[in-house]
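Good morning, colleagues. I would like to take a few minutes to go through one structure with you, beginning with its charged pairs.

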Amino acid sequence: MPRSCSVADYGSRSFNWYLASTFASAVGRNAYNFACAWILVVSGYGVSAVAVFFASLSMAELIASPLAGWMSDHYDRRSLCLIADFVRFLAALALGAIMFAPDLRWAIWLSAIPFAAFDRIALTASQSMIPSVGAGFPLSTANCMASFLTQSGSLVAAALTGVLLYVCTPTVTLAAIAAAFAISVCCMCLVRREPLSLRDARNTNESELLIDRHLLRLGAIYALLYLGGMLVSVIGPSFVFEELKGSAIDFGQLESAWSAGSILGAILLIPLVRIIEVPILQLIILGLTAVSFAALKMVDLPWALLAFAVLGVLYNLGRVVVEVTLQSSVPRSTLGRAKGALHCTGMLLGLVLFGIGAVFSGGMNPSTIFLVFAGILAVSIIALIVFRVDWRNRG
């Protein structure tokens, strides 16, 4: 009995360290994106520079997603997380060291490439670790705890980074971001190593991932959600700085509202799936997201915070619904590759829409871009309904 208690306590401590690493990594990841976007805006480079930054992040993630999924299914996931955190630590430190360069755009754009690639590896490997480090918790509970701390890390990052950018230099801010990844590395070192068993490894090698219309539909929904989150990140700084005449503190409050809404979105999943079918819930989320983006055309700063909080709720709720749907329909032996394929498909479709918008959005106000995206969501919802009915009829 003492030996059993000792094993259980060890597993619980290991899971606690995993959650601590997840929280610290989320703080660093979101603080890096937030800081780079704001630095580009206040340096006078405008929306186009921020768009290129997030496009660089997205392209690096797009290329790395399939590889990250394959590596997560074939190599030790804990080691992948450690390597990815260390590379992101170095990327943040290096960017802070060259912050006095005459043209910051290229420094930020180039640093985004390795950061985003290893960020995708870290996310895929970390999420795939949950079944082995869950300390006996049901998968739903373990995933909920990890999601809650991830969004809490986003909230802390938004609040702290806004203050740091207001009272400190960008170099000091980026050093603090690097420290978050260093803490994540230390915590992950205390997580127990759980390599794949021989049976799991054999199943991984034998199983093939089938990309069917169900996965493509999930990819389309994921793409729309992803594009909405990207618009908040890309257009958000200019929306606050140009239209609302706000400061870094105001933008930090806006990001905090988004993150707080994301935390609530993870909590709402459990009661909603009991009363609404998942396919219908996905369409409702997209519809409410369209309404929220359209409302930003007509609101001022206090109400804008509420609108972004609602968008945060819908964004994270939609992402978690997609994740649950994926996990319930894909074998565990191919889950890493399925995550990579889904993210790759979603990002590719999202980048196509984002590229089209970048070509035709010259001279538009940020709120007008939000309104146009609301229209794209409305058309996409109709298309998803039509194709779903068509697939059913063919079946």
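Across the whole structure, the search returns 4 salt bridges. Please keep in mind throughout that this is a predicted model. Side chains of opposite charge can pair when their charged atoms come close. I shall discuss three of these pairs in turn.

The first pair is Arg-29 with Asp-119, whose closest N and O atoms are 2.8 Å apart. Arg-29 belongs to helix H1, residues 2-42, and Asp-119 to helix H4, residues 104-133, so this salt bridge ties together parts of the chain that lie 90 residues apart in sequence.

The next pair is Arg-88 with Asp-85, and here the closest N and O atoms are 2.2 Å apart. Both residues sit in helix H3, separated by 3 residues, which is about one turn of the helix.

The third pair brings Asp-119 and Arg-88 together, with a distance of 2.5 Å from N to O. This salt bridge links distant parts of the chain, since Asp-119 is in helix H4 and Arg-88 in helix H3, 31 residues apart.

What do Arg-29, Asp-85, Arg-88 and Asp-119 form when they are linked? They make up a network of salt bridges.

Are the members of this network buried or exposed? Arg-29 and Asp-119 are both buried, and Arg-88 and Asp-85 are buried as well. The cut-off for buried is under 20% relative accessible area. Arg-29 has a relative accessible area of 12% and therefore counts as buried. For Asp-119 the value is 4%, so this residue is buried too. Arg-88 stands at 0% relative accessibility, and for that reason it is also classed as buried.

Let me stay with Arg-29 for a moment. Which residues does Arg-29 touch, leaving aside those up to four places away in sequence? They are Arg-88, Phe-115, Asp-119, Leu-123 and Phe-181. Two of these names, Arg-88 and Asp-119, are already familiar from the network.

I now turn to another residue of helix H1, namely Val-41. Val-41 has a relative accessibility of 7% and so counts as buried. Its contacts, not counting residues up to four places away in sequence, are Val-50, Pro-237, Ser-238 and Phe-241. Val-41 and Phe-241 are 200 residues apart in sequence, yet their C-alpha atoms are 8.2 Å apart in space.

That brings us to helix H8, which spans residues 213-243. Where does helix H8 bend? The bend is at Ile-235 and amounts to about 45 degrees, with a proline, Pro-237, following within four residues. Pro-237 is also one of the residues that Val-41 touches. Helix H8 is mostly covered, with 23 of its 31 residues buried. Just after this helix, Lys-245 adopts a positive phi of about 55 degrees.

Next, the surface. Leu-67, Trp-70 and Tyr-75 make a nonpolar surface patch of about 320 Å². Of these residues, Trp-70 is located in helix H2, which covers residues 46-74. Trp-70 has a relative accessible area of 38%, and partly exposed is therefore the right description for it.

Asp-76 is placed in the loop between helix H2 and helix H3, the latter running over 77-97. Is Asp-76 buried or exposed? At 17% relative accessibility, this residue falls under the 20% limit and so counts as buried. The side chain of Asp-76 makes a polar contact of 2.7 Å with the side chain of Ser-79.

Finally, the chain as a whole. How many helices and strands does the chain contain? There are 13 helices and 0 strands. Read along the sequence, the pattern is accordingly α-α-α-α-α-α-α-α-α-α-α-α-α. The chain has 395 residues, of which 51% count as buried. Among contacts between residues at least 6 apart in sequence, 88% join residues at least 24 apart. The chain exposes about 17600 Å², and carbon and sulfur atoms supply 69% of that area.

To close, I would return to the network of salt bridges formed by Arg-29, Asp-85, Arg-88 and Asp-119. Through the pair Arg-29 and Asp-119, helices H1 and H4 are tied together, while the pair Asp-119 and Arg-88 links helices H4 and H3. Thank you for your attention.

How values were computed. Residues numbered from 1 in each chain as written. Predicted model: local features only at pLDDT ≥ 70, side-chain atom pairs only at ≥ 80, totals over all residues. Heavy atoms only, no water. Patch = residues over 30% accessible without salt bridge, like charges linked within 9 Å, V, L, I, M, F, W, Y side chains within 5 Å. Areas by Shrake-Rupley, 256 points an atom, 1.4 Å probe, with all protein chains shown as cover. Salt bridge = Lys/Arg side-chain N within 4 Å of Asp/Glu carboxyl O. Helix = DSSP H or I, 4+ residues; strand = E, 2+ residues; numbered from the N terminus. Buried < 20%, exposed > 50% of the residue type's maximum accessible area, 1.4 Å probe, protein only. Bend = angle between axes of the 7 residues up to and from the residue. Polar contact = N/O pair within 3.5 Å; in protein donor to acceptor, adjacent residues only side chain to side chain. Contact = heavy atoms within 4.5 Å.
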